[in-house]
Amino acid sequence: MSYSVGEVARLSGVTVRTLHHYDEVGLLVPSRRTRAGYRSYSDGDLDRLRRILFYRELGFGLEEIAGILANGDAKDHLRRQQHVLHGQIERLRRMLAAVERELEASDMGINLTQEEKFELFGDFDPDDYAEEAEQRWGGTDAYKQSQERMKSFTKQDWARFMESQQAIGTALAEAFADGAAPDSERAMDLAEQHRAHITKWCYDCTYEIHRGLGEMYVSDERFTATYDEIAPGLAVFVRDAIIANANRAGA
C-alpha cells in the first residue's frame, strides 16, 4: 500500500506541515516519490510514524527520537523518561496543593505570603532567589519596575499572571511537540507573546533583555529543568525561538 501525505495526515492526526518537517530533518523520509514529485508513504513508513508519535507523546525531542530509532534500543531512554515523568507528577502535585491553599486563602480573605506566591512558580527557595535576583539585576530599571508592579499585585492579579504564563508555556510546549522549527512563524509569534507577557506584568522587556532571558533559560540549570521537565529540549527551543523573534524584529 502507498499513501499520499494527505492520507497519512488524516490517518495519524498529524498536520501536513509536520510531516513535511519530519521529511526535511530526515526523521520520516517517504519511501518513494510519485512521478509528479509528491511524497508517497509505505506501510513501513506509517509504522515508523507511529513509533515517532509514541516518543513525541512521552516528550522526547526529534533528535533523541532519531537516535532511538537508529539504535533500535529504547530502554535507557524510556527509563530516563520514566524518571522525568515521576518528577513532573510530583511537581504538579505540589502546584495543585499551592493553588488549593490560594483558593482557601481567597475564600477567607487572607493575604498570601511571598513564600506562597513563589511556590506557584516552581521549586526555587524564595529568599535565596530574591537575594540572587537583587544581586544580578538590583541596579537595573527593569528590576525596580518589576518590584514596584508586583508589590501591588492582588490575589486576582497573581491568578491572572499565572494563567497567562502557563498558557504561553503550554503553547510553546505544544509547538515543540508538533515539530515546529524555532524560527517558524508559530514559534516566533509565541516568543513575542512571551515577551509581551513580561512587559505587561513585570517590566518593559526589550528584545535585548528577552535575548538575555532566553540565554538564561539554557545556562541556568534551574530554569532549564523547569522547561525540560515538560519536554526534554524545550528550554533550548524557547531560547532559539526568542532569538529568532528578536532577529525578525531587527533587534
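A charge is taken to sit over a ring if NZ of Lys or CZ of Arg is within 6 Å of the ring centre and within 35 degrees of the ring normal. In this predicted model, R56 meets that description: its charged end sits over the ring of F176, 5.2 Å from the ring centre. A second such arrangement involves R195, with its charged end over the ring of Y207 at 3.9 Å from the centre.

F176 also takes part in ring-to-ring contacts, to which we may now turn. The structure holds 3 aromatic pairs. In one of them, the ring centres of F176 and F237 are 5.3 Å apart and the ring planes meet at 50°, so the pair counts as tilted. F176 belongs to helix α9 (residues 155-177) and F237 to helix α13 (residues 234-248), so this pair ties together parts that lie 61 residues apart in sequence. Both F176 and F237 are buried. Another tilted pair is formed by Y217 and Y227, with 5.1 Å from centre to centre and 50° between the planes. Here the link runs between helix α11 (residues 207-219), which holds Y217, and helix α12 (residues 221-228), which holds Y227, the two residues being 10 apart. Y217 and Y227 are both buried as well.

The N-terminal part of the chain offers a sheet and a helix to look at together. The sheet is open and has 3 strands in the order β1-β3-β2, with antiparallel pairing. Its edges are β1 and β2 (32-33), each with a single partner strand, so one side of each has no neighbour in the sheet. Between β2 and β3 the antiparallel pairing extends over 2 bridges, and R33 has R39, in β3, as its bridge partner.

Helix α1 lies across β1 and β3 and runs at about 90° to β1. Within this helix (residues 5-12), the residues V5, V8 and A9 are buried. Viewed down the axis of α1, the buried residues fall within an arc of 100°, so they line one face of the helix. Which elements cover these buried residues of α1? The cover includes the strands β1 (2-4) and β3 (39-42), together with the helices α2 (16-24) and α3 (43-57). Strands β1 and β3 thus appear twice in this picture, as elements that α1 lies across and as part of the cover over its buried residues. After α1 comes G13, a residue with a positive phi, near 80°.

Terms used
Residues are numbered from 1 along each chain as its sequence is written. This is a predicted model: local features need pLDDT of at least 70, side-chain atom pairs count only at pLDDT 80 or more; totals for chains, interfaces and linings use all residues. Side-chain values use heavy atoms; hydrogens and water are left out. Buried means under 20% relative accessible area, exposed over 50%, partly exposed in between (1.4 Å probe, protein chains only). Helices (H or I, at least four residues) and strands (E, at least two) are DSSP runs, numbered from the N terminus. The arc is that of the directions from the helix axis to the C-beta atoms. Contact means heavy atoms within 4.5 Å. Rings of Phe, Tyr and Trp (its six-membered ring) pair if their centres lie within 6.5 Å; planes under 30 degrees apart count as stacked, over 60 as edge-to-face and the rest as tilted. Two strands pair if DSSP finds at least two bridges between them. Axes are lines fitted to C-alpha atoms, for helices over the stretch in contact, and angles run from 0 to 180 degrees between N-to-C directions.
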